[in-house]
Amino acid sequence: RAYEDVMVYDKARSTLTIKATLAKERSAYLRAFAVCITEDLSVAEQALKTPAFTLAPLQRGTFNFDGNEVIAGVSIVKIRLQLPGRGHSVVELKSYNVLDTIHSQLPGLTLASGQLRMARFRFRLTPADAPAATIAFDVEPPARTDLAQSKYANIIEAYLTEQGVKLA
């Protein structure tokens with residue numbers, strides 16, 4: 001099995017997306033980019049301190065799962081929820097639709113029962129000029145996602161920004 005690390009810089013939006021397995025690799029790539037391109041390491045240090053994603057809209061119940069004219073619907077298919085307390089307990093739940101599973105099978109649990117550390121989204125897209133597509137990807141605040149190489153990344157990122165999940 002081959003693994004690739006990917007860096008994508010979008011000059012028009014002034015965004016750098018880094019896809020690498022380990023956090024220390026992502027940090028190293030960011031620092032290298034900052035030094036080589038901007039000649040200013042402080043750019044990387046500031047970026048590392050600035051959150052790019054939050055899952056708070058999921059926990060508050062304000063995220064719209066219905067979509068829009070291109071996005072036919074959104075579901076959550078996996079979560080990692082750290083529960084409060086001294087044990088640092090973590091619940092990881094994977095399901096075709098996590099919210100339905102929680103409501104029907106785990107009535108005492110909600111997305112607000114602790115700190116939501118990761119969510120895997122599944123977007124169903126129906127673009128007018130292409131066949132329907134389903135895209136699944138993880139968001140792990142403050143700055144990790146594996147959406148970078150998706151054909152529909154711009155559409156999905158715009159929706160995540162509109163919904164308050166993507167901050168930068």
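This is a selection-by-selection tour of a predicted model, from the whole chain to its cores and pockets.

**Whole chain.** Start with the full protein as a cartoon. Its secondary structure amounts to 5 helices and 7 strands, and from the N terminus the order is β-β-α-α-α-β-β-α-β-β-β-α. Along the principal axes, the C-alpha atoms occupy a box of roughly 55 × 50 × 35 Å. The radius of gyration is 17 Å, which agrees with the value near 15 Å for a compact globule of 168 residues. Colour by accessibility next: 36% of the 168 residues count as buried. If you draw a contact map, keep pairs at least 6 apart in sequence; 50% of those contacts join residues at least 24 apart.

**The largest nonpolar core.** Select L58, I79, F121, F123, F137 and I156. These belong to the largest nonpolar core, which has 32 residues, and they touch the most other members. To see where this core comes from, show β3 (71-82), α4 (98-105), β5 (115-125), β6 (133-140) and α5 (153-162), each of which supplies at least two of its residues.

A separate core of 5 residues can be selected next; its members include I18, A20, L30 and A44.

**F123.** Return to F123 and display its contacts, leaving out neighbours within four places in sequence. What remains is I71, G73 and V74, then A133, T134, I135 and F137, and finally I156, Y159 and L160.

**The largest pocket.** Now select L16, L30, A47, A52 and A143. Of the 31 residues that line the largest pocket, these lie nearest its centre. The space inside is about 840 Å³. Which elements should be shown around this pocket, as suppliers of at least two lining residues each? They are β2 (15-19), α1 (23-38), α2 (41-49) and β7 (144-145). Highlight α1 in particular, since it gives the largest share of the lining, 7 residues. Coloured by class, the lining shows 18 nonpolar, 7 polar and 6 charged residues. L30 appears in two selections: it is among the residues nearest the centre of this pocket and is a member of the 5-residue core.

**The second largest pocket.** Last, select Y3, E4, K19, A20 and T21. They lie nearest the centre of the second largest pocket, which is lined by 12 residues and has a volume of about 270 Å³. Its lining divides into 4 nonpolar, 2 polar and 6 charged residues. A20 is likewise a repeat selection, as it lies among the residues nearest this pocket's centre and belongs to the 5-residue core.

Technical notes. Residues numbered from 1 in each chain as written. Predicted model: local features only at pLDDT ≥ 70, side-chain atom pairs only at ≥ 80, totals over all residues. Heavy atoms only, no water. 1 Å grid on protein atoms, 1.4 Å probe; cavity = no way out; pocket = protein on both sides within 12 Å on 5 of 7 lines; lining within 4 Å. Points joined across faces, edges and corners; volume = space filled by probe spheres on them. Helix = DSSP H or I, 4+ residues; strand = E, 2+ residues; numbered from the N terminus. Nonpolar A, V, L, I, M, F, W, Y, C, P; charged D, E, K, R; others polar. Core = buried A, V, L, I, M, F, W, Y, C linked by side-chain atoms within 4.5 Å. Buried < 20%, exposed > 50% of the residue type's maximum accessible area, 1.4 Å probe, protein only. Contact = heavy atoms within 4.5 Å. Rg over C-alpha atoms; globule rule 2.2 N^0.38 Å.
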